[in-house]
Amino acid sequence: MFKNNVDITQVSEFRLKTHVYFGCGAIHKINDIADQLLARNIKNILVVSGRGAYKATGAWDVIVPALESRGIAYTLFDKVTPNPTTIQIDEAVAMAPDARAVLAIGGGSPIDAGKSAAILLAYPGRTASELYEFKFTPDKAVPIIAVNLTHGTGTEADRFAVATIPEKEYKPAIAYDCIYPTWSIDDPALMTGLSREQTRFVSIDAINHCVEAATTKVASAFSISLARETIALVAQYLPAAEKNPADLEARYYLLYASMLAGICFDNGLLHYTHALEHPLSGIKPELTHGLGLAILLPAVVKEIYAEKAGVLADILSPLVPGLKGEPSEALSAAQGVEKWLASAGVPQKLADEGFSEADLDHLVELAFTTPSLDGLLGLAPTAGDREAVRRIYADSINKLN
């Protein structure tokens, strides 16, 4: 069992590309961040959030006094939904075109929307659709402050963002150095209100980041080490958080795992699972990202295991013990992951979410026509062609056999 005897109330600063304030009580570091905004003569910011969590978690009760006591004006856009759209991003920017920084509060969706808005504020006249259809290449953004409210995406520590272009059913990803948050807050105490379902889905997102980043064509010893640690932490602490959502130690280590996973895929990048999930939630925005990833993961493991058997046997050992790293284990490894997901409360397959074989052609087409996804598929350890993508979707419709 993992045990470092860390004081979880000690707020540490992790000096990554982003300065991350991490630990129970880290939300109060918003006061230090506000001072740093003033030092940069930033007195007008855009706040981007979802519709309620920023208040329900208590984060807003700390943030507002920190801003108001320093005379920092803010405009609040609190309409970001799961799987945020380019329309929402444009609306947010239009509310505060003169903002000189963005404060994003929430999970992956509000933070990704905030990152996107930060670019557009630095490029007046540009739109979110233009950004996500790669009609210009940004190299600047206004400063970004990320207050993270989930332990899944790792977006508070990386250079990625995702948004849906609804009229085209596209859900591209962008990656630019200018959208590393300048400061991030990771406070486990803000996450005790996550439902059991949300807790599962966001933690599975972290696992997917690592499985992919450890097996891309550009994977390294660093991404593999981070993957090993992340999966071990999730395997140990997810049951504890499920049993007692208020368990701060469990939340701390799940959040730490999520941050590691964000750094992992920031270095090793991603391939099949994310490339194939984006068409799913592009078609059905109500599909939770983590659930879509969970549905696809066993079939992805089956597809890539023979090519990356040694790495996968190693990093998956907390979930599927006894793997020997032999290519012939592909199906049993995939079924082991499927069994672990079911034990974690996520047994769903594509059929349960309304997808069938009749959708395969459209899904495959979106995987290859959505801007940016071809880049992910090109990093897959196997062919990354239409036949492979179709196999993964087909194997995800029902339980593997």
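In what follows, Ala, Val, Leu, Ile, Met, Phe, Trp, Tyr, Cys and Pro count as nonpolar, Asp, Glu, Lys and Arg as charged, and the others, Gly among them, as polar. The model is a predicted one.

**Exercise 1. A pocket lining**

Determine how the lining of the second largest pocket divides by residue class, and which helix gives the most to the lining.

Solution. Begin with the space itself, which comes to about 170 Å³ in the second largest pocket. Next, list the residues that line this pocket: Ala294, Pro298, Gln335, Glu338, Lys339, Leu341, Ala342, Val346, Pro347, Gln348, Lys349 and Lys399. Sorting the lining by class gives six nonpolar, two polar and four charged residues. Finally, place the lining on the secondary structure: α11 (289-304) and α13 (330-343) each supply at least two residues, and α13 gives the most, with five residues.

**Exercise 2. Two aromatic pairs**

Classify the ring pairs Tyr54 with Trp60 and Phe160 with Phe265 by the angle between their planes.

Solution. The structure holds eight aromatic pairs. In one of them, Tyr54 and Trp60, the ring centres are 5.2 Å apart and the planes meet at 85°; because planes over 60 degrees apart count as edge-to-face, this pair is edge-to-face. Tyr54 and Trp60 are both buried. For Phe160 and Phe265, the centres lie 4.9 Å apart with the planes at 50°, so the pair is tilted. Phe160 belongs to strand β7 (residues 160-162) and Phe265 to helix α9 (residues 248-268), so their contact ties together parts that are 105 residues apart in sequence. With the cut-off for burial at under 20% relative accessible area, Phe160 counts as buried at 14%, and Phe265 is likewise buried at 5%.

**Exercise 3. A ring cluster and charges over rings**

Identify which residues are linked into a cluster by ring pairs, and which rings have the charged ends of Lys140 and Lys284 over them.

Solution. The cluster consists of Phe22, Tyr237, Tyr252, Tyr253 and Tyr256, linked by ring pairs. Turning to the charges, the charged end of Lys140 sits over the ring of Tyr123, 5.2 Å from its centre, while that of Lys284 sits over the ring of Phe355, 4.7 Å from its centre.

**Exercise 4. The span and burial of a helix**

Compare the expected span of helix α7 with the distance between its end C-alpha atoms, and decide how far the helix is enclosed.

Solution. Helix α7 (residues 196-213) has 18 residues, which at 1.5 Å a residue should span 26 Å. The end C-alpha atoms of α7 are 26 Å apart, in agreement with that expectation. As for burial, 15 of the 18 residues of α7 are buried, so the helix is largely enclosed by the rest of the structure.

Methods:
Residues are numbered from 1 along each chain as its sequence is written. This is a predicted model: local features need pLDDT of at least 70, side-chain atom pairs count only at pLDDT 80 or more; totals for chains, interfaces and linings use all residues. Side-chain values use heavy atoms; hydrogens and water are left out. Rings of Phe, Tyr and Trp (its six-membered ring) pair if their centres lie within 6.5 Å; planes under 30 degrees apart count as stacked, over 60 as edge-to-face and the rest as tilted. Buried means under 20% relative accessible area, exposed over 50%, partly exposed in between (1.4 Å probe, protein chains only). Helices (H or I, at least four residues) and strands (E, at least two) are DSSP runs, numbered from the N terminus. A charge sits over a ring if NZ of Lys or CZ of Arg is within 6 Å of the ring centre and within 35 degrees of the ring normal. The expected span of a helix is 1.5 Å times one less than its number of residues. On a 1 Å grid over the protein atoms alone, a cavity is a set of points where a 1.4 Å probe fits but cannot get out, and a pocket is an open set with protein on both sides within 12 Å along at least five of seven lines; lining residues have an atom within 4 Å of a point. Grid points are joined across faces, edges and corners, and a volume is the space filled by probe spheres set on the points.
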